[in-house]
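Got your viewer open? Load the model and get ready to click along.

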Amino acid sequence: MTVSNYFLSTFNLFIQTMPRNKLDRFQDIAEFEHVLEYTDFKNGSPKPKGRWKGDIFGNQNPIVLELACGKGSYTLNLARKNHHKNFVGIDIKGARIWKGAQKSLDDGLTNVRFLRIFIDHLNEYFDAAEVDDIWITFPDPYLKKSDENKRLTSSKFLSIYQKVLKPGGSIRLKTDNDELFAYTKKEIEENGCKVLDVAEDIYKERPQDPWLTIKTDFEKKHLEKGRIISFISFTLPDQPIN
């Protein structure tokens with residue numbers, strides 16, 4: 001058996017054993033016009049890089065990303081509160097994206113899109129300065145030292161964000177993980193970033209904040225367990241991050 005035939009047979013087995021509702025959701029995502037997937041561009045179709053405002057959203061409104069968006073609850077709530085901005089929820093897990101994508105259709109939200117890609121390929125899908133702001137809500141903290149480069153606030157990812165974020169655009173992190181929060185503050189300092197805002201304990205310091213108190217499913221579970229939710233926003237330096 002050739003390598004290509006091996007991978008094809010493995011993929012077919014994966015499809016055959018996948019739960020029916022997941023299969024249905026993947027089929028839905030493939031047909032949703034407001035969801036773009038990396039597989040859409042394997043046949044040579046042009047990626048949306050540089051075309052988000054004109055072709056995808058059809059307006060010149062600012063573009064805001066939510067990375068590792070999961071079910072997209074933060075993306076949707078931000079979109080409801082900011083009709084003058086465009087929002088793109090990004091994740092690689094299609095079954096999760098389906099929930100947000102379906103909800104956005106049900107609610108008639110026209111300023112929301114979803115993009116199913118690996119986040120370290122972000123600059124292949126967005127042009128320089130095409131993004132106005134980035135939200136990172138409850139990402140996997142990847143606490144093992146060997147996984148440091150997988151953290152979405154590591155230097156590796158900050159350098160990727162530099163390639164798509166407009167000068168002065170903000171990056172905003174919400175997390176329940178103390179280690180990731182401390183690590184992010186260290187990365188901000190070491191890379192010459194500028195801190196814009198900090199809340200060590202959102203629900204103690206900013207209980208009425210309409211943006212920071214939007215709750216994802218993960219956040220609700222964390223709060224039920226008494227976890228502290230922290231927030232920090234910052235801008236990137238002018239010089240390249242290595």
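Here's a short tour, from the whole chain down to a few side chains.

**Stop 1: the whole chain.** Keep in mind as you look around that this is a predicted model. Switch to a cartoon view and you'll find nine helices and eight strands. The chain has 242 residues, and 47% of them count as buried. Its accessible surface comes to about 12700 Å², with 50% of that belonging to carbon and sulfur atoms. Looking at contacts between residues at least 6 apart in sequence, 75% join residues at least 24 apart.

**Stop 2: the sheet.** Now colour the strands. In what order do the eight strands of the open sheet line up? Reading across, you get β1-β4-β3-β2-β5-β6-β8-β7, and the pairing is mixed. Select 35–37 for β1 and 194–199 for β7: these two stand at the edges. Each has a single partner strand, so one side of each is left without a neighbour in the sheet. Rotate the view to follow the twist, which averages 20 degrees from one strand to the next.

**Stop 3: two partner strands.** Select residues 63–67 (β2) and 86–91 (β3). They run parallel, and five bridges join them. Want a landmark here? Pick L67, which stands opposite I90 in β3. In general, strands of a sheet pair through backbone hydrogen bonds, either parallel or antiparallel.

**Stop 4: a helix across the sheet.** Next, select 73–81, which is helix α4. Which strands does α4 lie across? Add β2, β3, β4 (112–116), β5 (131–137) and β6 (165–175) to your selection to see them. Against β3, the helix runs at about 180 degrees.

**Stop 5: aromatic rings.** Show side chains now. The structure holds seven aromatic pairs. One of them is W52 with F57, a tilted pair with 6.3 Å centre to centre and 35 degrees between the planes. Are these two buried or exposed? W52 is buried, with a relative accessible area of 0%, and F57 is buried too, at 9%. Both values count as buried because the cut-off is under 20%. Add F126 to the selection, and you have a cluster of W52, F57 and F126 linked by ring pairs.

**Stop 6: charges over rings.** Finish with two spots where a charged end meets a ring. Select K81 and W211: the charged end of K81 sits over the ring of W211, 6.0 Å from its centre. Then go to R151 and Y183, where the charged end of R151 sits over the ring of Y183, 4.5 Å from the ring's centre.

Technical notes:
Residues numbered from 1 in each chain as written. Predicted model: local features only at pLDDT ≥ 70, side-chain atom pairs only at ≥ 80, totals over all residues. Heavy atoms only, no water. Phe/Tyr/Trp six-rings, centres within 6.5 Å; stacked < 30°, edge-to-face > 60°. Buried < 20%, exposed > 50% of the residue type's maximum accessible area, 1.4 Å probe, protein only. Lys NZ or Arg CZ within 6 Å of the ring centre and 35° of its normal. Pairing = 2+ DSSP bridges. Helix = DSSP H or I, 4+ residues; strand = E, 2+ residues; numbered from the N terminus. Axes fitted to C-alpha atoms, helices over the stretch in contact; angles between N-to-C directions. Contact = heavy atoms within 4.5 Å. Areas by Shrake-Rupley, 256 points an atom, 1.4 Å probe, with all protein chains shown as cover.
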